[in-house]
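Open the model in your viewer and keep the selection tool at hand. The stops below go from a strand to its neighbours, then to the pockets.

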Amino acid sequence: MARPVFVVGAARTDFKRNLRKEGRGLGDVIVEAGRAALADAGMPASAVEAGLVGNFAAGQYVGQLHLGALLLDIDPALVGIPTAHVEAACASGGLAVAGAAEAIAAGIHDVVLVVGAEQQKTMAPADGAEVLATAADKAVERPLFGDHMMPRMFASIADRYATLHGLDDRPLSLIAAKNHAHASLNPRAQTRDGGLTLARALTADESNPRFAPPLKVSDCSQISDGAAALVLAATPQAGRAAIRLLGHGRTTDRRRLADKDVPAFPVARRAAERAYRLAGIGPLDLDCAEVHDCFSITELVTYELLGWAGAGEAGRLVESGATILPQVRTQLVGTTVPRFYLPVNTGGGLIGDGHPVGATGVRQVVEIFDQLVGRAGARQVDGARRALSFNLGGTFTTSVAMVWERAAP
């Protein structure tokens with residue numbers, strides 16, 4: 001029988017930072033986040049039996065690979081443990097968490113340290129876009145979609161959704177404005193000082209161009225530097241906060257968007273269905289969630305594949321205010337009372353908090369940890385005890401869904 005899996009420590013860096021300007025690098029934030037997670041767990045490095053680094057493209061962004069070895073700089077006591085670098089595009093972090101959880105559940109290790117990290121602010125945006133394009137089938141899809149390939153691919157998902165169900169700017173803009181509003185409550189979010197209003201998100205102009213129609217710049221996630229870390233263990237630390245993994249699912253679809261069922265993405269849906277089944281819950285038995293919003297359309301489509309809305313109904317769910325924290329709901333949708341309450345991306349998501357690619361799946365669980373143990377501050381969801389994280393890579397190619405619950409003290 002599989003053993004239980006707990007997160008007993010969590011930490012992350014400030015995603016507003018520019019590491020190159022600080023004279024620091026990827027290894028520095030891996031060490032920073034890893035040490036902070038161990039301190040949060042109240043656990044010595046000598047207790048760690050294995051380590052994983054989630055990272056997408058350090059070989060291109062900073063010219064460094066063999067990243068598992070960077071964990072050893074956290075503490076000399078880690079020298080000799082098995083480590084590995086996990087890569088699955090934007091799902092690299094989530095897949096690293098899942099791999100650590102599976103090793104603990106199988107009884108292979110009792111304590112595993114996971115760090116997700118990326119340093120992207122090392123090159124011009126156009127060059128960075130070419131790196132991000134490797135998350136898809138670049139050789140085939142780059143000639144089809146052209147420059148800024150990934151935004152244009154997700155724009156094509158929005159076009160397909162609009163053809164099937166109808167779609168205007170408002171739901172997409174509301175998702176972007178929601179995530180920026182949530183980020184304003186998060187002291188480590190990249191856009192915490194920005195303040196994208198709904199009116200601004202709805203407006204396409206020279207400063208917010210529709211560069212991948214129908215997507216505007218405000219519909220896109222951030223280019224970020226940062227790291228996030230978790231300590232996973234087979235048993236919780238006595239007297240310390242912890243969350244338990246109730247169930248998880250992970251799937252892989254074919255790389256090319258043309259080979260997928262758009263926008264239903266049934267292969268990605270299977271990851272969520274397995275997580276729900278193992279957790280023994282349904283899609284609405286959650287108090288909050290962290291989902292992948294590399295673009296606003298991604299979050300919209302995800303609402304449906306996670307079972308929160310039927311086909312073509314995600315826009316109405318957004319406009320009901322159900323996924324907005326009550327702390328900021330009135331400023332976005334007025335006094336509308338949603339039929340149910342499920343705040344999504346409470347820290348700002350990728351659009352508001354930032355998207356250091358390899359860190360994102362780990363950062364999602366850090367945010368859930370903070371919510372479920374009651375230390376999310378101004379963005380706290382009252383009484384939160386169960387949450388879901390959903391991290392994807394490519395165009396819904398790799399999907400990782402995990403259901404978490406606050407552990408009994």
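Here is what to select, stop by stop.

This is a predicted model, in which local features need pLDDT of at least 70, side-chain atom pairs count only at pLDDT 80 or more, and totals for chains, interfaces and linings use all residues. Residues are numbered from 1 along each chain as its sequence is written, and side-chain values use heavy atoms, with hydrogens and water left out.

**Strand β4.** Select residues 111-119: 9 of the 9 are buried (under 20% relative accessible area, 1.4 Å probe, protein chains only). Strands are DSSP runs of E, at least two residues; helices are runs of H or I, at least four; both are numbered from the N terminus. Val 111, Leu 113 and Val 115 are among the buried residues on one side of β4, and Val 112 and Val 114 are among those on the other.

**Its partners.** Strands pair if DSSP finds at least two bridges between them. Add β2 (residues 50-54), which runs parallel to β4 with 5 bridges. Find Gly 54 opposite Gly 116. Now add β5 (residues 225-233), antiparallel to β4 over 9 bridges. Val 114 has Leu 230 as its bridge partner there.

**The largest pocket.** Select Leu 132, Pro 151, Ser 221, Gln 222 and Ile 223, the lining residues nearest its centre. The lining has 27 residues. Helices α5 (125-132) and α7 (149-165) each supply at least two of them.

Notes
Buried means under 20% relative accessible area, exposed over 50%, partly exposed in between (1.4 Å probe, protein chains only). On a 1 Å grid over the protein atoms alone, a cavity is a set of points where a 1.4 Å probe fits but cannot get out, and a pocket is an open set with protein on both sides within 12 Å along at least five of seven lines; lining residues have an atom within 4 Å of a point.
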